[in-house]
Amino acid sequence: MEKLNVLLNINSNYFIIGLIVVFFTLEQILTTPSQFKKRSMHLAQNALFQVLFVLCNIFFATFQVYSIDWLNDNHVGLLYLFQIPVWAKLIIGVVFYDITTYWIHRSAHIVPLLWRFHRVHHSDTALDSSTFFRSHPIELIFIFGGGNILTAALFGTDVLSMALYYFILNIFLFLEHSNIHYPVWLDKTMGWIFVTPNQHKVHHEQDQHYTDSNFADIFILWDRIFGTYKYKLLKTIRYGLIEFDEERKQTFLYLIKSPFLTIRRVNSDELKNH
Ligand SMILES: [Zn+2]
Ligand SMILES: [Zn+2]
C-alpha cells in the first residue's frame, strides 16, 4: 500500500506529459486511421486547453482534496456502513468514481447548459492523442471535478482511490483518443467489460444517434447495463460536430468562448439532409 501511495503521488502533470510523448510518437511512426493536414497545429491548439486547465485547477484541486477528506473524517457515504479491507475499498472506489462520471457525462449530453461546455470535447474533426486535452476547463473543474466530491459524499470513497482512478483513467483516455489501428477482436473480448478505443470513437461520431452512446470512460459495462451501448466500424465514422465543422471554429480561442455563444445542435435527421 505504501508503494502505491508513492506511485500515486507522482505529479499527474508529468505522467500526462509522458503519455502524450509516447502516443504522439507512435502516431507519427505507425500508419494511422485519420490523416491530418497540420498535425502540430492541432496539438498546439489542444495543448492550450491543458495549460489553462492546470492553471485554473490549482485552487480547485486543493478544495476537492479538502472536501473529500472532510467527508471521510465524518464517515459520510455508503462504504462507511460496512467493514471492508483497505485494498477492496480502493478498487470499489475506482468503480464508484467511474459510474458517477458515466451519469454526469450522460447528463452533459442531455442538459443544454452542460452540453454547451461538453461539446468542446466533441468538436474535434480528427482524433488523435491530443484530443485528450480538448475539454473546457469549466467542465473539467466544476462538472467532473465537482462530481468526484459528489461520489465521495454518496459512496464514502477517498482521495487515494480517486488518485488510482485518475491514474487508470488517464491511460484509458489516451488509448481511446489515439489515432492508431486497434483490432476489432479487442472490442469483442475486453470490450465486454472495459472501454476499447474503437468503442469510444463511436462516441465521437457526428451523428447524434451515435454521439449519445458509449458514455463510459473505463467500464463499458455501464453502457451495456443502462442501454446506451452502440457500435459502428471505425472506417465509417465521421468525427466532430457539423456545427463546428469550419477551420475558424477549431481554434482554441473560439472553442474557449463557445459555451457562451448560442450554437444550435444539429440532430440526426438534419445531418442526413445537410
Ligand atoms: Zn460526450
Ligand atoms: Zn472523447
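**Exercise 1. Describe the secondary structure of the chain and decide how its compactness relates to its length.**

Step 1. In this predicted model, the secondary structure of the chain amounts to 13 helices and zero strands, so that reading from the N terminus gives the order α-α-α-α-α-α-α-α-α-α-α-α-α.

Step 2. The radius of gyration is 19 Å, close to the 19 Å that the globule rule gives for 274 residues, and the chain is therefore as compact as a globular protein of that length. Along its principal axes, the C-alpha trace spans about 55 × 40 × 35 Å.

Step 3. Of the contacts with a separation of 6 or more, 75% join residues that stand 24 or more positions apart, and 52% of the 274 residues count as buried.

**Exercise 2. Characterise the exposed area and the charged side chains of the chain.**

Step 1. The chain exposes about 13,800 Å², of which carbon and sulfur atoms supply 69%.

Step 2. There are 22 positive and 22 negative side chains, and the centres of these two sets lie 6 Å apart.

**Exercise 3. Determine whether threonine 211 is buried or exposed, and work out its surroundings.**

Step 1. Threonine 211 is located in helix 10, which covers residues 208-211.

Step 2. The relative accessible area of threonine 211 is 1%, and because buried means under 20%, this residue counts as buried.

Step 3. Leaving aside neighbours within four places in sequence, threonine 211 is in contact with residues including His109, Trp115, His122, Val202 and Arg265.

Step 4. Glu205 is also among these contacts, and the backbone oxygen of glutamate 205 lies 2.7 Å from a polar atom of the threonine 211 side chain.

Definitions and conventions
Residues numbered from 1 in each chain as written. Chains lettered and ligands numbered in written order. Predicted model: local features only at pLDDT ≥ 70, side-chain atom pairs only at ≥ 80, totals over all residues. Heavy atoms only, no water. Helix = DSSP H or I, 4+ residues; strand = E, 2+ residues; numbered from the N terminus. Rg over C-alpha atoms; globule rule 2.2 N^0.38 Å. Buried < 20%, exposed > 50% of the residue type's maximum accessible area, 1.4 Å probe, protein only. Contact = heavy atoms within 4.5 Å. Areas by Shrake-Rupley, 256 points an atom, 1.4 Å probe, with all protein chains shown as cover. Lys, Arg positive; Asp, Glu negative; His and termini not counted. Charge placed at Lys NZ, Arg CZ, Asp CG, Glu CD. Polar contact = N/O pair within 3.5 Å; in protein donor to acceptor, adjacent residues only side chain to side chain.
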